[in-house]
Amino acid sequence: MSEKTKVKWNEVEVDLKPCPFCGESKLKLELSTIGNTHPLTTSQIACENCGAVVRARYPEDGDIKDTLLLVSMWNSRYD
């Protein structure tokens with residue numbers, strides 16, 4: 001099994017598996033907030049090699065659990 005990449009997000013370190021499509025370990029965890037009246041936070045994990053991405057949107061006041069769910073989705077693999 002491939003080694004995981006450690007990524008730091010808001011003082012929390014998470015382990016990400018390599019890209020399921022190309023096997024690259026260069027990954028980015030990005031967060032951004034959009035909107036004024038009902039702001040949404042978008043977090044995404046993207047492969048810097050092939051561009052594969054997992055993205056989630058949730059209310060601006062979301063917490064670490066929302067991003068950890070995204071990490072869980074990225075790390076999911078069919079065995």
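Gln44 has its place in strand 4, and this residue serves here as the point of entry into what is a predicted model. With a relative accessibility of 15%, Gln44 counts as buried, because the cut-off for that class is under 20% relative accessible area. Its side chain nevertheless has polar partners: one polar contact, of 2.8 Å, is made with the side chain of Glu30, and another polar contact, also given as 2.8 Å, links the side chain of Gln44 to that of Arg55. If neighbours within four places in sequence are left aside, the residues in contact with Gln44 are Lys28, Leu29 and Glu30, then Val53, Val54 and Arg55, and finally Leu70.

These contacts can be placed in the sheet to which strand 4 belongs. The sheet is open and consists of three strands in the order 3-4-5, paired in antiparallel fashion. Strand 3 (27-34) and strand 5 (53-59) stand at the edges, and since each of them has a single partner strand, one side of each is left without a neighbour in the sheet. On average, and with direction ignored, neighbouring strands of this sheet are turned by 15° against each other. Between strand 3 and strand 4 (residues 40-47), which run antiparallel, there are eight bridges; within this pairing, Leu31 has Ser43 of strand 4 as its bridge partner. Helix 1, comprising residues 64-75, packs on the sheet and touches strand 3, strand 4 and strand 5, while its direction makes about 160° with that of strand 5.

The loop between strand 3 and strand 4 contains His38. In contrast to the buried Gln44, His38 counts as exposed, at 67% relative accessibility. Although His38 and Pro59 are 21 residues apart along the chain, their C-alpha atoms are separated by 7.7 Å.

Seen as a whole, the chain has one helix and five strands, and along the sequence these elements follow the pattern β-β-β-β-β-α. Of the 79 residues in the chain, 34% are buried. Among the contacts with a separation of 6 or more, 33% are accounted for by residues 24 or more positions apart. The accessible surface of the chain comes to about 5500 Å², and carbon and sulfur atoms hold 47% of that area.

The cysteines remain to be considered. A disulfide is a covalent bond between the sulfur atoms of two cysteines. How many disulfides does a search of the whole structure find? The search finds zero. Cys19 is in no disulfide, and the nearest cysteine sulfur to it, belonging to Cys50, is 3.6 Å away; the criterion for a disulfide asks for sulfur atoms within 2.5 Å, so this pair does not qualify. Cys19 is buried, with a relative accessible area of 4%. Cys22 is likewise in no disulfide, the nearest cysteine sulfur being that of Cys47, at 3.6 Å. As for solvent exposure, Cys22 counts as partly exposed, at 34% relative accessibility, whereas Cys19 is buried.

Conventions. Residues are numbered from 1 along each chain as its sequence is written. This is a predicted model: local features need pLDDT of at least 70, side-chain atom pairs count only at pLDDT 80 or more; totals for chains, interfaces and linings use all residues. Side-chain values use heavy atoms; hydrogens and water are left out. Two strands pair if DSSP finds at least two bridges between them. Helices (H or I, at least four residues) and strands (E, at least two) are DSSP runs, numbered from the N terminus. Axes are lines fitted to C-alpha atoms, for helices over the stretch in contact, and angles run from 0 to 180 degrees between N-to-C directions. Contact means heavy atoms within 4.5 Å. Buried means under 20% relative accessible area, exposed over 50%, partly exposed in between (1.4 Å probe, protein chains only). A polar contact is a pair of N or O atoms within 3.5 Å; within protein, one must be able to donate a hydrogen and the other to accept it, and residues adjacent in sequence count only if both atoms are side-chain atoms. Accessible areas come from the Shrake-Rupley method with a 1.4 Å probe; for residues, only the protein chains shown count as cover.
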